Amino acid sequence: MIDDTLLAYIKQQYQLQWDGIHGIDHWTRVWRIGMFLAPLTGANQKVVGLFAFIHDACRQTDKADRHHGMRAARLAARLNKEHLGLDEHELELLDRACRYHDRGMISKEPTIGTCWDADRLDLWRIDCRPEKSYLSTGAAMDDEVITWAQGLIRRTQ
Ligand SMILES: [Fe+2]
């Protein structure tokens, strides 16, 4: 997971309910799914792990929030100066993964695709089965993986 200092920083600027639909429980599941997928997809694990805790951290509403991906990308850039230690390429990947994760796109780039798949496989939390047409990686499209992600909800709620 991420270190306590970084999580505390993210928490103090988070405007919504900490254990709400887009809060810490969701981020933790996205992290777990991302860490499972990354070795299978060849994704950069550091970027995927950070995406989990940053991508929704700047939401201003749990409803449609058109610019929350862009705000998350800006937060990543701010955090990188003191906390993240990403190189230029990693920061570019995290920027793109955060910036466009709310646009319903898929990506052939393994790290970005893995970030988005980890997020979408947690759609079970709102009783929504992840659609394969909105998944980027073959690993995430595996029926057993989709069912496993559903099981994470049952165990944590
Ligand atoms: Fe999310």
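Me: How close do the axes of helix α1 (residues 4-13) and α4 come, and at what angle do they cross?

Reply: Good place to start. Two packed helices are described by the angle between their axes and the distance between the axes. Keep in mind that this is a predicted model. Here the axes of α1 and α4 come within 11 Å and cross at roughly 150°.

Me: Are α1 and α4 roughly parallel or antiparallel to each other?

Reply: Angles over 145 degrees count as roughly antiparallel, so α1 and α4 fall in that class. Their crossing is right-handed. On the α1 side, the contact is made by Thr5, Leu6, Tyr9, Ile10 and Gln13. From α4 come Leu75, Arg78, Leu79, His83 and Leu84.

Me: Now the metal. Which residues coordinate the iron ion?

Reply: Two histidines, His26 and His55, each bind through NE2, and two aspartates, Asp56 and Asp119, each bind through OD. The distances run from 2.1 to 2.3 Å. Along the sequence, the donor residues follow the pattern H-x28-H-D-x62-D. The aspartate pair links distant parts of the chain: Asp56 is in the loop between α3 (45-54) and α4 (68-84), while Asp119 belongs to helix α6 (residues 110-120), 63 residues apart.

Me: What is the geometry of the iron ion's site?

Reply: Start from the ideal: four tetrahedral donors would sit at 109.5 degrees. At this iron ion, the angles among the 4 donor atoms span 86 to 173°, and the site is irregular. Water is not among the atoms, so sites may look incomplete.

Me: Are Asp56 and Asp119 buried or exposed?

Reply: The cut-off for buried is under 20% relative accessible area. Asp56 has 2% relative accessibility, so Asp56 counts as buried. Asp119, at 12%, counts as buried too.

Me: Can we do that for a whole helix? How many residues of α3 are buried?

Reply: Sure, just go through the helix residue by residue. In α3, 8 of the 10 residues are buried, so the helix is largely enclosed by the rest of the structure. They are Val47, Val48, Gly49, Leu50, Phe51, Ala52, Phe53 and Ile54. Those buried residues pack against α1, α2 (24-41), α4, α5 (88-100) and α6.

Me: One backbone oddity to finish. What is phi of Asp127, and where is Asp127 placed?

Reply: Look at the sign of phi and at the residue type. Phi of Asp127 is near 60°, a positive value in a residue other than glycine. Asp127 lies in the loop between α6 and α7 (138-141). With a relative accessible area of 75%, Asp127 is exposed.

Conventions:
Residues numbered from 1 in each chain as written. Predicted model: local features only at pLDDT ≥ 70, side-chain atom pairs only at ≥ 80, totals over all residues. Heavy atoms only, no water. Donors = N, O, S within 2.8 Å, 3.2 Å for Na, K, Ca; no water. Tetrahedral: all angles 85-135°; square planar, octahedral: opposite > 155°, others 65-115°. Helix = DSSP H or I, 4+ residues; strand = E, 2+ residues; numbered from the N terminus. Buried < 20%, exposed > 50% of the residue type's maximum accessible area, 1.4 Å probe, protein only. Axes fitted to C-alpha atoms, helices over the stretch in contact; angles between N-to-C directions. Parallel < 35°, antiparallel > 145°, perpendicular 65-115°, else oblique. Left-handed = near helix turned anticlockwise from the far one by under 90°. Contact = heavy atoms within 4.5 Å.
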